[in-house]
Amino acid sequence: MRGNPHAHQLIAPGSLSAVLELMAAAPSEWTPIAGGTELMVAHAAGRLASRKLISLWGIPDLRFITLNPDTIVVGAATTFRDLRAHSGIATHLPLLAKSASWIGSIANQSRATIGGNLVNGSPAADSSPALLVYDAEIELVSVRGTRRIPYAQFHTNYKRNIMAPDELLYAIHLPLRFAHHRQYLRKVGTRRAMAISKVALAATALLEDGFIREIRLAAASLAAFPTRLYRTESALLGQRVDTNVFQPARTALLGEVTPIDDIRSSAEYRVRVAANLLEEFLKEMQSPECVA
Amino acid sequence: MSDGCPTIRFTVNGQDVAVETLPMKRLLDVLREDLHLTGTKEGCGEGECGSCSVRMNGELVNSCLIPVLQAEGAAIQTVEGLAINGELHPLQKAFLQCGGAQCGICTPGMLMAATQLLAINPHPSMPEIREGLAGNLCRCTGFTRIFESVVSAASADTSNLQAQADHAR
């Protein structure tokens, strides 16, 4: 433990409104902390820059899953364990349930929150590819009110996002209109538990008479932040799903992604595996069975 | 800078505790240093190894990643809370019988993860045991015997297990 608990203030106002008021009074001064699975690691290593932290743990207004007729709304401080345990998520958003199941370990899933995963903004964030292909919207809140934006516009650069200093991530809105879509999600890491992804690819696509009428592709660990693969989507949209699309799809993907070499993998490996995952999804689409 | 030390109250193994300490002190350090419950171990200190696993409000957590302020009002169970009046918990007996411990550093965390698993799934399959303990690393290569210990405990008297789980709440 290289961190010094004397060096950091931590308060727990206990309600969303109290947190927002403190953040409005001194924007940029407070760092929200939910389950601590990211910030406490930095603290232990002595590299937690934030001096003033404000706890979001135990605030019921931020930890909820609401099932509406056409959406599911997930509070930002909902844990991955909450997501795994929710039958509505399992039924309507199987890719999100799947990604929640492979984040860290059980002990991490008890504490890590979906909002923390997004705000932390790791290029490898496990929940991001699923949220991107489900067309999630995020809702931000501050004393000034709330605003909603497509999650695909949330990340702006490596660990950067569009939030203002006085804003909190409040909730994630997920439309329930993917029941007839082919759905795909696969993470490639060194081990099933605890491994940060080398590559992850998610997809939702609507097929009509063998043609791709709608498609969303998203990846983790292939760029500076989790992102949709718009150019690869364009290359596939309107195409008939047969072996003829494999090569153009690969080419589009290779031209679009910008992975890095790092401790976990090489850029070359990431690109190849990503292309293989895409081909796996396309092959699955050729079969009549819907494979999630 | 901190604003001084608040008093943080929670329960550990059913006992009320009040600790005057820094809010950012890790629950792990409070357990070991302030409460002298040294059964909970520190391995990696970054949530990867599970040595510091405890149960908090019925969920498995890594105590190295919890600022103690976030334990305010919580019910914590540590490895010291497994045995009742000197009578070992069925999991502890099974670990002894099956050779589920070698150097012992991972053992408290393994026991807590296994306790959590059996609390929600009294008769887990081998894949479920592997998943339940996947966040707990043993570097003595003892995983097979650890898994066997959990199987053995799960097939022991389950009413006894339930009674112990209730006691720990």
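Student: What percentage of the 169 residues of chain B count as buried?
Tutor: This is a predicted model, in which local features need pLDDT of at least 70, side-chain atom pairs count only at pLDDT 80 or more, and totals for chains, interfaces and linings use all residues. Residues are numbered from 1 along each chain as its sequence is written, and chains are lettered from A in the order in which they are written. A residue is buried if 20 or more other C-beta atoms, placed from the backbone, lie within 10 Å of its own. Of the 169 residues of chain B, the buried portion is 51%.

Student: Which pattern of helices and strands does chain B follow along the sequence?
Tutor: Helices (H or I, at least four residues) and strands (E, at least two) are DSSP runs, numbered from the N terminus. Chain B has six helices and five strands. Read along the sequence, they give β-β-α-β-β-β-α-α-α-α-α.

Student: How many residues of chain B are in contact with chain A?
Tutor: Two residues are in contact if their C-beta atoms, placed from the backbone, lie within 7 Å. Chain A contributes 26 residues, and the number in chain B is 29.

Student: Which element gives the most to the side of chain A that touches chain B?
Tutor: The elements of chain A giving two or more residues to this side are strand S1 (9-11), helix H2 (39-44) and helix H6 (106-109). With four residues, the element that gives the most is H2(A).

Definitions and conventions. Buried ≥ 20, exposed ≤ 12 C-beta atoms within 10 Å, placed from the backbone.
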